[in-house]
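Work through the exercises below with the model open. Try each task before reading its solution.

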Amino acid sequence: MTSVEEERPRALLAGASRRWVRALPWAVAFVLCVALLPTTIVVLTADYGLGGPVASALAVAQAAPLLLAVVRPLHAWYVVVLADVAGALALRTVDFEERLLWPFPPMELVGYIALCLALGLRERRRTLVLVWLVTAAANIGLGFAAPHGFGARELLFTILGGVALLLGGVLRERHEVQRRLAEQETISEAERGRRTLLEERARIARELHDVVAHHMSVITVQADTAEYRLATLPPHVREEFTSIAATARESLGEMRRLLGVLRSEEAPGELMPQPGLPQIGQLVEATARTGAPVDFTPCDLSRAAEVPEAVGLSAYRIVQEALANVVRHAPGAATRVSLSVSEPAGDRGGERLTVLVVNGPPPEPPAGPLETGGTGHGLVGMRERVRLVGGTLDVGPLPDGGFRVAAHLPLTEEDFT
């Protein structure tokens, strides 16, 4: 069933988005057929003196295939070119005035030009060249039997047909190039989005390496010094602590090798400790020094000590990126940054850290995007950090023209996903 549907020919301009464009080839073909059919009969009988039945048969064979040309122009061309040649041979049997065009009367030229245009819009370049060569061969071959001489006027069939084939081919190839460019742009945009996501995940992993490495180092030191701090430990317990320290050191080595894989050649090594909740105040002050009015509401410092380092790092990066976006896209806008710890509601999970960054509209529209030192890839990085710790993120514009970023991060390991 699928192969049959794939082989089924499509009408010319069937892929157009507008209905009237899709219906245009059918309308043109119908008008040409209705106009050329009686005209051909009248001209062949009245001007050329051809018999009525023969003229009618030739008119049908030359005009009716124009309707088929909308779907199968090459098949229609087979019929029309044979009918045109047959018509030229039939006219050779009657006596007509020298002023009349032969071997192809004007109405045949009109129909053939329209057919060649349809061919150019559908067929490949090689097919169009073969069609033109057959047209020229038929035209020149009939010229040897011309009743009143053969000149440039009699070559209009070949010349105008070639022009129509060329025009249709150029339009088709131009449309094909535009379609491929659009497809490539779509693919490139998807690849850029995927690369941005992977780069952000790798950057987050490099930052979390410092957090995990710190905890592993503490475990190693505690296990190594246990036998000196606790003199009454039994021998088998000392061996257990020694094994724990060795495993921790091995894990640290594996993490360093993993970090080497994740770190790109362009990314410099980070020697500073990773920031957390205590550094958000300094971040807000640095933003305020740029001239942006920022109001900061920190959470209880005693509660901040209970925040896991991964959550604190995610909160800091979310605020950092949100403030960078405010400076970049809404310079001078009043901004509010708040951190709060919400109590668990019944049995629905544990406590959560709420990070809220809300800015109003800028005092005046920015003349252009003001680039600042953004640390990540905007909303992509925010979503990845929130997903990493199993939280939720709510971002979006406000009715007054401002913007809101709200992240809810769990504070208990059981809620991490």
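**Exercise 1. Place Val81 and relate it to Tyr112.**

Step 1. Val81 is found in helix 5. Helices here are DSSP runs of H or I with at least four residues, strands are E runs of at least two, and both are numbered from the N terminus.

Step 2. Val81 has a relative accessible area of 9%, so it is buried. Buried means under 20% relative accessible area, exposed means over 50%, and partly exposed lies in between (1.4 Å probe, protein chains only).

Step 3. Val81 and Tyr112 are 31 residues apart along the chain, and their C-alpha atoms are separated by 8.2 Å.

A note on the basis: this is a predicted model, where local features need pLDDT of at least 70, side-chain atom pairs count only at pLDDT 80 or more, and totals for chains, interfaces and linings use all residues. Residues are numbered from 1 along each chain as its sequence is written, and side-chain values use heavy atoms, with hydrogens and water left out.

**Exercise 2. Describe how helix 5 packs with helix 7.**

Step 1. Two packed helices are described by the angle between their axes and the distance between the axes. Axes are lines fitted to C-alpha atoms, for helices over the stretch in contact, and angles run from 0 to 180 degrees between N-to-C directions.

Step 2. The axes of helix 5 and helix 7 (residues 125–143) come within 11 Å and cross at roughly 5°. Helix 5 is therefore roughly parallel to helix 7. Angles under 35 degrees count as roughly parallel, over 145 as roughly antiparallel, 65 to 115 as roughly perpendicular and the rest as oblique.

Step 3. Helix 5 contributes Leu74, Trp77, Val85, Ala88 and Leu89 to the contact, and helix 7 contributes Thr127, Val131, Val134, Thr135, Ala138 and Leu142. Contact means heavy atoms within 4.5 Å.

Step 4. By class, this contact of helix 5 with helix 7 has 9 nonpolar, 2 polar and no charged residues. Ala, Val, Leu, Ile, Met, Phe, Trp, Tyr, Cys and Pro count as nonpolar, Asp, Glu, Lys and Arg as charged, and the others, Gly among them, as polar.

**Exercise 3. Do the same for helix 2 and helix 3, and give the handedness.**

Step 1. The axes of helix 2 (residues 19–47) and helix 3 (residues 52–63) come within 8 Å and cross at roughly 150°. Helix 2 and helix 3 are therefore roughly antiparallel.

Step 2. The crossing of helix 2 and helix 3 is right-handed. A crossing is left-handed if the near helix is turned anticlockwise from the far one by less than a right angle, and right-handed if clockwise.

Step 3. Residues in the contact include Cys33, Leu36 and Leu37 of helix 2 and Gly52, Ala55 and Ser56 of helix 3. By class, the contact of helix 2 with helix 3 has 10 nonpolar, 5 polar and no charged residues.

**Exercise 4. Analyse helix 12 against helix 13.**

Step 1. The axes of helix 12 (residues 309–329) and helix 13 (residues 379–388) come within 10 Å and cross at roughly 165°. That makes helix 12 roughly antiparallel to helix 13.

Step 2. The crossing of helix 12 and helix 13 is left-handed.

Step 3. Helix 12 brings Leu313, Ser314, Arg317, Ile318, Glu321, Ala322 and Asn325, and helix 13 brings Met382, Arg385 and Val386. By class, the contact of helix 12 with helix 13 has 5 nonpolar, 2 polar and 3 charged residues.

**Exercise 5. Find the backbone exceptions.**

Step 1. Most residues other than glycine have a negative phi, and most peptide bonds are trans.

Step 2. Leu13 is not a glycine, yet has a positive phi of about 60°. Leu13 lies in the loop between helix 1 (2–7) and helix 2. Its relative accessible area is 39%, so Leu13 is partly exposed.

Step 3. A cis peptide bond joins Trp102 and Pro103, with omega about 15°. Pro103 sits in the loop between helix 5 (73–91) and helix 6 (106–122).

**Exercise 6. Check the cysteines.**

Step 1. How many disulfides does a search of the whole structure find? The search finds 0. A disulfide is a pair of cysteine sulfur atoms within 2.5 Å.

Step 2. Cys33 counts as buried, at 12% relative accessibility. Cys299 counts as buried, at 11%.
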